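Subject: A structure for you to look at

Hello,

Here is the structure I promised to pass on. Please open it first, and then read my notes below.

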Amino acid sequence: MTGSPNEPGAAELLPEEPEEPEEPEEPEEGEEVEADARRPGVITVAFWLLITSAVLWVLVSGSGDPAEQQGTAAILCVYIWSAVRVRRGRWTARIVGTAAAVWLLVVPGSLAWGFMDPENPYGREYAVLAVVAVVLTGTGVALLYGRRGTTYFRRRPR
């Protein structure tokens, strides 16, 4: 046999089989995996929690002292601005939004104590709104600082 394709018993050319796409390997424990550039669901949930709480803060702050309302309105604008920027992955907006949330929890959030005082001039309705706003704000900010949120902000440009 000389290896010529014309000789008897020579192997015929087999059609090539298409290659199957390789599945990505599972990362080993402790090995970091680069995540995709999409926004995690927790960031979207945090955004909507922050926006919903902002609406409630508007209702709660409308019951307060007029001099205090101007400061609250300015902080609410910063709070909403930062919530929108947080959704885009801006880590500075996360910090500014956290500071605004703390201010909202301290100043108008003090109306949540209306349950304790029967002579509360703001009424129990505003106390309920304040409690719900406090819970939504705290949950939204906590989601931003969770594992997935922190990973998202580290990957995004400043």
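How many helices and strands does the secondary structure of the chain come to? There are 5 helices and 0 strands, where helices (H or I, at least four residues) and strands (E, at least two) are DSSP runs numbered from the N terminus. Read from that end, the elements go α-α-α-α-α.

A word on the source: this is a predicted model, in which local features need pLDDT of at least 70 and side-chain atom pairs count only at pLDDT 80 or more, while totals for chains, interfaces and linings use all residues. Residues are numbered from 1 along each chain as its sequence is written, and side-chain values use heavy atoms, with hydrogens and water left out.

Of the 158 residues in the chain, 30% are buried (under 20% relative accessible area, with over 50% called exposed and the range in between partly exposed; 1.4 Å probe, protein chains only). The largest nonpolar core holds 24 residues; such a core is a set of buried Ala, Val, Leu, Ile, Met, Phe, Trp, Tyr and Cys residues joined through side-chain atoms within 4.5 Å. Leu50, Trp57, Leu76, Tyr79 and Leu144 have the most contacts inside this core. At least two core residues come from each of H1 (41–61), H2 (66–87), H3 (91–106), H4 (124–144) and H5 (147–155), and H1 gives the largest share, with 9.

Next, two residues of helix H3. Leu104 lies in this helix and is buried, with a relative accessible area of 0%. Not counting residues up to four places away in sequence, Leu104 touches Trp57, Thr72, Ile75, Leu76, Tyr79 and Gly109 (contact means heavy atoms within 4.5 Å). Leu104 and Thr72 are 32 residues apart along the chain, yet their C-alpha atoms are separated by 7.5 Å. Arg94 also belongs to H3, and this residue is buried too, at 12%. Leaving aside neighbours within four places in sequence, Arg94 is in contact with Val86, Leu144, Tyr145, Gly149, Thr150 and Phe153.

Finally, how do H1 and H4 run relative to each other? Their axes (lines fitted to C-alpha atoms over the stretch in contact, with angles from 0 to 180 degrees between N-to-C directions) come within 8 Å and cross at roughly 155 degrees. The two helices are therefore roughly antiparallel (angles over 145 degrees; under 35 is roughly parallel, 65 to 115 roughly perpendicular and the rest oblique).

Best wishes
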